[in-house]
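The following exercises ask the reader to work through selected features of a protein model step by step. Each task is followed by its solution.

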Amino acid sequence: MSYFYREYHDGPDPLAPPYDVRSALDEMGDAILSGSTPLDALRDLLRRGLPGAPDRRGLDDLLRQVRRRRRELRDNTRLDGTLERARALLDKAIGQERAELFPDPSDDARFRESALDALPSDTARAVQELADYDWRSAAGRQTFEELRDLLRREVLDSQFRGMRDALANPDPAAMERVRQMMSDLNDMLDRDARGEHTQDDFDRFMQQYGDMFPENPRNLDELVDQLARRAAAAQRLLASLTPEQREELAGLINHTLEQAGLAEQMRRLGDALYARRPDLAWGAPERVSGEQPMGMGDAVTALQELADLGDLETALRQDYPGARLDDVDEAAIRRALGRSAVDDLEALRQVERELEAQGYLRRNRGKLELTPKAVRRLGETALRRVFASLDSGRRGDHDQRDAGTAGEPTGSTRSWRFGDEQPIDVVRTVVNGVRRGGGAPVSLSVDDFEVVETERRSAAAVCLLVDLSYSMALRGTWAAAKQTALALQALVASKFPQDAVQIIGFSNYARVLRPDELAGLEWDMVQGTNLHHALLIAGRHLDRHPDFEPVVLVVTDGEPTAHLMRNGVPRFEWPPSQETLTLTLAEVDKMTRRRATINVFMLAADDRLREFVDEVARRNGGRVFSASADRLGEYVVSDFLRARRTR
């Protein structure tokens, strides 16, 4: 057998590995942590293109090509080509007739010359008056027939793409077939309006007239869409001309249709198409500034393409409510930019679909949201970035070597009790089953199970207090704070699942933040840094876990400027009132009595903030870190691990 190999061009590489949507989520995560919504982050990703796939264009690249094509059409198109050509042929025919009449001294020749002199300057009216003229010049008659053939072909081509080629050779039978086609088409549209149309009717119509429709529509709806878009473009052609040109060309069109016996059928068709597609830009002018004159059919094709490119540009911008990549017309992309652009669009669509299908994104009442699975992924990514920045001596601390509350094995075993988290001793368990008299295969009972005794591992109650005030956004530290919180959440979940972690956000008041809402959280555009309320909530969390080692971490860029009053309403004062400072430090003292060390991570070098945190450290014995935003995660995670190792 012989085998032949060639380069594969028909679409994307079928052997290429599938794109990892987790990379897309990580790319979105940076924007989300900086304050973007999941929808905006997804749109930004699709606009830029897929990370790790440089051969795939994003929406911005496709949009630039669409806009470039629109500029080319506008800069190279002149819409009055048919009118200009008709004027030239008319002048040529009249000149040929005058040349034939000039040598003739008869009164008839002079009368004909006076009739030619009296022709109106309007081309349409001149053509209409010459319709019944008895030409003396054979060359003039031939030129005038050429003019009429030109108008007939261009007018029909402006309504039915490809008709110009079908009527290239004047043939009465061909024109009669066109008349019959339009009559059958209008009758089919009338039956469809009454609900009597079937697909078989359309198939018979295409079997008879399919050569007149090179776009090969598959059903009546596709045919109506093609004809309506072309008819709307023809109306835009007239609207784009000067008033004088518009009147002249409209006259030529009407006269041509009347002469061909198509005026009534064309009117019926135009009314039916407008009734079915009123959403098209019928009669909207288009600005073009080219120097190359185009025939009426080609000009309508250019305007139709301009309209398609305009719709395509709107869809690719994705800046309207509820926008999705499924809104982009694949056929329009193929017509405008070719097959490779369709493949690029499909790759982007696949990422959008897979992010939802794999459970990273969900739509809630039309709003795009991150799922808990996506939040966990962002936390893991944030944690990897934190550990990537740590020195080699600290790397590896985040690996999970065991889980639960069990510590190192002691070497002894005991019977399993309900609620045990220690590992099962498989050998001792099977031996117990054999000793009990179990046959082959060995049948085990609950009493046979033994577990490996382990040293007890201490658990920690972790409180991370994160400043949500507007100043965090102004200083550009908001994204770092969220990333740090996600990283700590991921660290505790992976290495210390027995720990109880609570993340508390505070601005004018404080609240507990769930992991699934943390990534999409926005800063509070309110006044107040209510550390007093945050410490109150943290204290309740520690009190619910009295046997756990307390860990309290505070991330802030300003001194306390608000406190919670007895009626539950926050009170803001700046500069901070003595009451706010007193109540906040009182909560610090309570933390000290709980044996909870408070470590504060300052994101600003404000003198009042430094004075306050120094007082907290003096009262509590905790440490103060002056961290930059890009190293905040490293500081917090390293301090947490140090605290866990110390205990």
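**Exercise 1. A residue in a helix**

I253 is a residue of helix α12, which spans residues 243-260. This model is predicted.

Task: Determine whether I253 is buried or exposed, and state how far I253 lies from L156 in sequence and in space.

Solution. Step one is to take the relative accessibility of I253, which is 12%. Step two is to compare this value with the cut-off: a residue is buried under 20% relative accessible area. I253 therefore counts as buried. Step three concerns the pair: I253 and L156 are separated by 97 residues in sequence, and their C-alpha atoms are 9.3 Å apart in space.

**Exercise 2. A second pair**

Task: Assign A115 to its helix, classify its accessibility, and give the C-alpha separation of A115 and Y133.

Solution. A115 belongs to helix α5, residues 107-117. Its relative accessibility is 34%. Partly exposed covers values between the 20% and 50% cut-offs, so A115 counts as partly exposed. Along the chain, A115 and Y133 are 18 residues apart, and 9.8 Å separates their C-alpha atoms.

**Exercise 3. Salt bridges around D225**

Task: Describe the salt bridges that D225 makes with R229 and with R277, and place them in a network.

Solution. Begin with the pair within one helix. The side chains of D225 and R229 form a salt bridge with an N to O distance of 3.3 Å. Both residues lie in helix α11, 4 residues apart, or about one turn of the helix. Their accessibilities are then classified: D225 is partly exposed at 27% relative accessibility, while R229 is buried at 13%.

Next, consider the other partner. D225 also meets R277 in a salt bridge, with 2.2 Å from N to O. This pair links distant parts of the chain, 52 residues apart: D225 is in helix α11, and R277 is in the loop between α13 (263-276) and α14 (296-317).

Finally, assemble the network. D225, R229 and R277 are linked by salt bridges with D279, D308 and R335. For the structure as a whole, the count comes to 42 salt bridges.

**Exercise 4. The largest cavity**

Task: Which residues line the largest cavity, and which helix gives the most to the lining?

Solution. The search of the whole structure is the starting point, and it yields 5 cavities of 30 Å³ or more. The largest cavity holds about 100 Å³ of space. Its lining consists of Q159, F160, R161, M212, F213, P214, E215, Q226, L227, R230 and Q304. Sorting these residues by class gives 5 nonpolar, 3 polar and 3 charged. Helix α11, residues 220-240, gives the most to this lining, with 3 residues.

**Exercise 5. Backbone geometry**

Task: Locate the cis peptide bond that precedes P575, and describe the phi values of N216 and R595.

Solution. A general expectation is useful here: most residues other than glycine have a negative phi, and most peptide bonds are trans. The bond from W574 to P575 is cis, with omega near 0°. P575 is in the loop between β10 (570-572) and α23 (578-593).

N216 has a positive phi, near 50°, and is not a glycine. N216 sits in the loop between α10 (199-209) and α11. Its relative accessible area is 54%, so N216 is exposed.

R595 likewise is a residue other than glycine with a positive phi, near 65°. R595 is found in the loop between α23 and β11 (597-602). At 54% relative accessibility, R595 is classed as exposed.

**Exercise 6. The surface**

Task: Identify the nonpolar surface patch that includes V446, and characterise the salt bridge between E579 and R571.

Solution. The patch is formed by W416, I424, V426, V430, V434, V442, L444 and V446, which together have about 640 Å² of accessible area. V446 is placed in the loop between α18 (426-435) and β4 (450-456). With a relative accessibility of 54%, V446 counts as exposed.

For the charged pair, the side chains of E579 and R571 meet in a salt bridge of 3.5 Å, N to O. E579 has a relative accessible area of 40% and is therefore partly exposed. R571, at 35%, is partly exposed.

Terms used. Residues are numbered from 1 along each chain as its sequence is written. This is a predicted model: local features need pLDDT of at least 70, side-chain atom pairs count only at pLDDT 80 or more; totals for chains, interfaces and linings use all residues. Side-chain values use heavy atoms; hydrogens and water are left out. On a 1 Å grid over the protein atoms alone, a cavity is a set of points where a 1.4 Å probe fits but cannot get out, and a pocket is an open set with protein on both sides within 12 Å along at least five of seven lines; lining residues have an atom within 4 Å of a point. Grid points are joined across faces, edges and corners, and a volume is the space filled by probe spheres set on the points. Helices (H or I, at least four residues) and strands (E, at least two) are DSSP runs, numbered from the N terminus. Ala, Val, Leu, Ile, Met, Phe, Trp, Tyr, Cys and Pro count as nonpolar, Asp, Glu, Lys and Arg as charged, and the others, Gly among them, as polar. Patches are made of residues with over 30% relative accessible area and no salt bridge: like charges are joined within 9 Å, nonpolar side chains (Val, Leu, Ile, Met, Phe, Trp, Tyr) within 5 Å. Accessible areas come from the Shrake-Rupley method with a 1.4 Å probe; for residues, only the protein chains shown count as cover. A salt bridge is a side-chain nitrogen of Lys or Arg within 4 Å of a carboxyl oxygen of Asp or Glu. Buried means under 20% relative accessible area, exposed over 50%, partly exposed in between (1.4 Å probe, protein chains only).
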